[in-house]
Amino acid sequence: MEKMNLFNVDNLVLMKGLPDESIDLIYCDILYGTGRNFGEYQDLKPVRNIIEHHYLPRIREMHRLLKKTGSIYIHCDWHINHWVRLILDEVFGYERCVNEIVWCYTGPGVNSQKNYSRKHDNLYLYSKSSNYTFNTNDIKIPAAEDTLKKFEGAGSGFKGKKANLANGKLLEDWWYLAPTARFKNETGLYPTQKSIQLLERVVKASSNEGDTVADFYLGSGTTAVVCKKLNRSFIGCDINKNAVEVTARRLRSF
Ligand SMILES: C[S@@+](CC[C@H](N)C(=O)[O-])C[C@H]1O[C@@H](n2cnc3c(N)ncnc32)[C@H](O)[C@@H]1O
């Protein structure tokens, strides 16, 4: 039976009390450095030394907590992704960057005449070593019908290619997924809630059943819900009491 552990505490305090190399996967949808007040929490200001002061000790702890086969996803956007990436390079090593995933979406935005509409987030995937869990087959997506058709009448030279496509193709490092607001049965729990669909990709790709997954910026607990669904143990925390309560309720009703 998988364990679900939730704590209402500053993540640095929680992490300092956890043992070395005890976690298989960390996903954190962090503070984006917008300076905004989201009602449930106050975001950090986009000032380099504020960002470094917050993230450097925390990302060092995350590195210590990961098993040798483990990996980490840090979810952020254009406001501070450049500084976060430098910290990840410093702590994990430049060569441990596995992917920069770009999550693209559409929807109404600020009607500015001076810039493109900002409609993507960045997820940085780093591994602790070169021997890390990555379940390619669990995240393959079906090839488009017209692509399969193209190979239907093709000669024997294309047989292998056709068989591979029929089994699904390797997921790209850009994901076009609807924002959470489009999922009526999931939305409205938290201002920056992420979708189950997005987290399912992360958890399936980078952990196995029975593994331990952590999210130290819990929010409404989407990562916890996905872990329960996919039989992973979970540890998570949020400094906001209401976030932990929302997550606990979601887990009870799941
Ligand atoms: C972007 S939200 C996470 C949203 C979440 N992914 C979801 O699906 O609902 C970031 C969360 O981090 C929490 N947080 C900020 N600083 C924290 C800290 N030092 N320790 C623990 N949680 C923190 C905030 O209260 C907020 O709930």
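This note walks through a predicted model, starting with the whole chain and ending with a few single residues.

1. **Overall make-up.** Welcome to the structure! The chain holds eight helices and eight strands. Its radius of gyration is 19 Å, close to the 18 Å that the globule rule gives for 254 residues, so the chain is as compact as a globular protein of that length. If you like to picture a box, the C-alpha trace spans about 60 × 50 × 40 Å along its principal axes.

2. **Inside and outside.** Of the 254 residues, 47% count as buried. The accessible surface of the chain comes to about 13,400 Å², and carbon and sulfur atoms account for 52% of that surface. Take contacts between residues at least 6 apart in sequence: 74% of these join residues at least 24 apart.

3. **Charges.** The chain carries 35 positive and 29 negative side chains. The centres of these two sets lie 3 Å apart. Between the charged side chains, the count of salt bridges comes to 12. The next points look at some of them.

4. **Lys-68 and Glu-21.** These two side chains meet in a salt bridge, with 3.0 Å from N to O. The pair links distant parts of the chain, as the partners are 47 residues apart. Lys-68 sits in strand E3 (residues 66–76), while Glu-21 sits in the loop between helix H1 (11–16) and strand E2 (23–29). Glu-21 deserves a second look for its backbone too: its phi is positive, about 45°, although Glu-21 is not a glycine. Is this residue buried or exposed? Glu-21 falls in between, being partly exposed with a relative accessible area of 34%.

5. **Glu-200 and Lys-229.** Here is another salt bridge to find on the model, with the closest N and O atoms 2.3 Å apart. Glu-200 lies in helix H6 (residues 196–206) and Lys-229 in helix H7 (residues 222–229), so the bridge ties together parts that are 29 residues apart in sequence. The partners differ in cover: Glu-200 counts as buried at 15% relative accessibility, whereas Lys-229 is partly exposed at 43%. The cut-off for buried is under 20% relative accessible area, which is why Glu-200 makes the list.

6. **Further salt bridges.** Glu-172 and Lys-169 also meet through their side chains, at 2.3 Å from N to O. Glu-172 is partly exposed, with a relative accessible area of 26%, and Lys-169 is partly exposed as well, with 28%. Elsewhere, Asp-20, Glu-61 and Arg-64 are linked in a network of salt bridges.

7. **Helix H7.** How many of the eight residues of H7 are buried? Six are, and the helix is mostly covered. The buried residues are Thr-222, Thr-223, Ala-224, Val-225, Val-226 and Cys-227. What do they pack against? Their partners are strand E1 (4–8), E2, H6, strand E7 (212–215), E8 and helix H8 (241–253). H6 therefore meets H7 in two of the ways described here: through this packing and through the bridge from Glu-200 to Lys-229.

8. **After H7.** Asn-231 follows the helix and has its place in the loop between H7 and E8. Phi of Asn-231 is near 60°, a positive value in a residue other than glycine. Asn-231 counts as partly exposed, at 31% relative accessibility.

9. **Cys-237.** Beyond that loop, have a look at Cys-237 in strand E8 (residues 233–238). Cys-237 is buried, with a relative accessible area of 0%. Which residues does Cys-237 contact, leaving aside its neighbours within four places in sequence? They are Phe-7, Val-9, Asn-11, Leu-14, Asp-215, Phe-216, Tyr-217 and Leu-218. For a sense of distance, Cys-237 and Ile-80 are 157 residues apart in sequence and 22 Å apart in space, from C-alpha to C-alpha.

Key:
Residues numbered from 1 in each chain as written. Predicted model: local features only at pLDDT ≥ 70, side-chain atom pairs only at ≥ 80, totals over all residues. Heavy atoms only, no water. Helix = DSSP H or I, 4+ residues; strand = E, 2+ residues; numbered from the N terminus. Rg over C-alpha atoms; globule rule 2.2 N^0.38 Å. Buried < 20%, exposed > 50% of the residue type's maximum accessible area, 1.4 Å probe, protein only. Contact = heavy atoms within 4.5 Å. Areas by Shrake-Rupley, 256 points an atom, 1.4 Å probe, with all protein chains shown as cover. Lys, Arg positive; Asp, Glu negative; His and termini not counted. Charge placed at Lys NZ, Arg CZ, Asp CG, Glu CD. Salt bridge = Lys/Arg side-chain N within 4 Å of Asp/Glu carboxyl O.
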